[in-house]
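Colleague: I have a new model to learn. Can you walk me through how its labels are earned?

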Amino acid sequence: MVQFQSQDLPQLLIIQPPLCLAIAESQLSQKFHLLKAWESELPLDQFLTTYACSVQAMLCYPFTQVNADLLRLLPALKLVVSPTAGVNNIDVVECRRRGISVTTSGSAFSEDVADTAVGLLIDVHRRISAADRYVKGLWTSKGDYPLGSKLGGKRVGIVGLGSIGSEIAKRLEAFGCIVSYNSRSKNPSLTYPFYSSVHELAANTDALIICCALTDQTRHMINKEVLSALGREGVIVNVGRGAIIDEKELVRFLVHGEIGGAGLDVFENEPHVPEELFALDNVVLSPHNAAFTPESVESSSQIVIANLEAFFSNEPLVTPFMDD
Ligand SMILES: O=CC(=O)O
């Protein structure tokens, strides 16, 4: 049997280690010659210069900033593969200008993100995390814990009705919620009420779930006016990206009781989380892990590998990034 040396395999550049999103390295290394920049003794720019003329594909984990400066060092690059749904760490405009394709995880994470979004919504309304802390610390007599509020019948506005938003809507319908949405455009195949303005959506709902992409247009889209429109009883859940909400305003609204509560999986400057939130029982926090289960990471791994194989065999990419 012919034994391939890894040098014979197509090169795959990886700049930073994978953290929790480990794409099965054993599977990758059977098919690609992995160039792991962080394991090299060379400074990054020298490492990249060494492979500049040969590297055509890069796997980019969420903390790698793929900006114009980095791309300039990689003149042969033709493909950036992201194992996540969000690509706000990649300069997709510069990639397009340079003829570099970008792929995402497609819908590999959608169901798990949707589960977490609904979990956070229920938790804030029914005070599950706060009740857990209460039982473990202060419970002295039965029945004296403040009542939470019912999810069924709530009007929930979904901001971004793509693959994740649609999974959230499906789940909320089963809970008897009244769903409406805001998106870049109305989807004619959906019957949920559409609001072209997120402010209007907030004014007409009891809770907002943010699951759109972070772009120049959506940065700080949830601002003081939108939070005021959501109102004192309103709840906000964010499983998109932290910077879609003006975090300083959100903290101010929560601390002053000007909105009802929040379930947050993402933050503006991760892993920094505003400490004012820690003392609030109507705020539930999670460490940007809404998407990640062993099952979804495995499915994202398969998509990463399928995109790389398609690229190196000149086949159409499986989940190209679509900026629609
Ligand atoms: O945050 C997770 C993702 O973008 O898939």
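Modeller: What follows is a short round of questions and answers on this predicted model.

Colleague: What makes the protein chain count as compact as a globular protein of its length?

Modeller: First, the make-up: the protein chain has 11 helices and 11 strands. Its radius of gyration is 22 Å, and the globule rule gives 20 Å for 324 residues. The two values are close, so the chain is as compact as a globular protein of that length. Along the principal axes, the C-alpha atoms fill a box of roughly 70 × 50 × 35 Å. Buried residues make up 47% of the 324.

Colleague: What share of the contacts joins residues 24 or more positions apart?

Modeller: Such pairs account for 58% of the contacts with a separation of 6 or more.

Colleague: How confident is the predictor, and which elements mark the extremes of mean pLDDT?

Modeller: The mean pLDDT of the protein chain is 94, and 95% of its residues reach 70 or more. Among the elements, helix H1 (residues 25–31) has the lowest mean, 85. Strand E10 (residues 261–264) has the highest, 99.

Colleague: Why is Phe278 called exposed?

Modeller: Exposed means over 50% relative accessible area. Phe278 has 52%, so the label applies. Phe278 lies in the loop between E10 and strand E11 (283–285). Leaving out residues up to four places away in sequence, Phe278 touches Val273 and Leu285.

Colleague: Which peptide bond is cis, and where does its proline lie?

Modeller: The cis bond joins Glu270 and Pro271, with omega about 5°. Pro271 lies in the loop between E10 and E11.

Colleague: Why is His288 called partly exposed?

Modeller: Partly exposed covers the range between under 20% and over 50%. His288 stands at 25% relative accessibility, so it belongs there. His288 sits in the loop between E11 and helix H11 (294–312). Its phi is positive, about 45°, although His288 is not a glycine.

Colleague: And Asn314: why is this residue called exposed?

Modeller: The cut-off is again over 50%. Asn314 has a relative accessible area of 74%, so it is exposed. Asn314 is found in the segment after H11. Asn314 also has a positive phi, about 55°, and is not a glycine.

Colleague: Last one: how many charged side chains are there, and how far apart are the centres of the two sets?

Modeller: The protein chain has 25 positive and 37 negative side chains. The centres of the two sets lie 5 Å apart.

Technical notes: Residues numbered from 1 in each chain as written. Predicted model: local features only at pLDDT ≥ 70, side-chain atom pairs only at ≥ 80, totals over all residues. Heavy atoms only, no water. Helix = DSSP H or I, 4+ residues; strand = E, 2+ residues; numbered from the N terminus. Rg over C-alpha atoms; globule rule 2.2 N^0.38 Å. Buried < 20%, exposed > 50% of the residue type's maximum accessible area, 1.4 Å probe, protein only. Contact = heavy atoms within 4.5 Å. Lys, Arg positive; Asp, Glu negative; His and termini not counted. Charge placed at Lys NZ, Arg CZ, Asp CG, Glu CD. pLDDT = per-residue confidence, 0-100.
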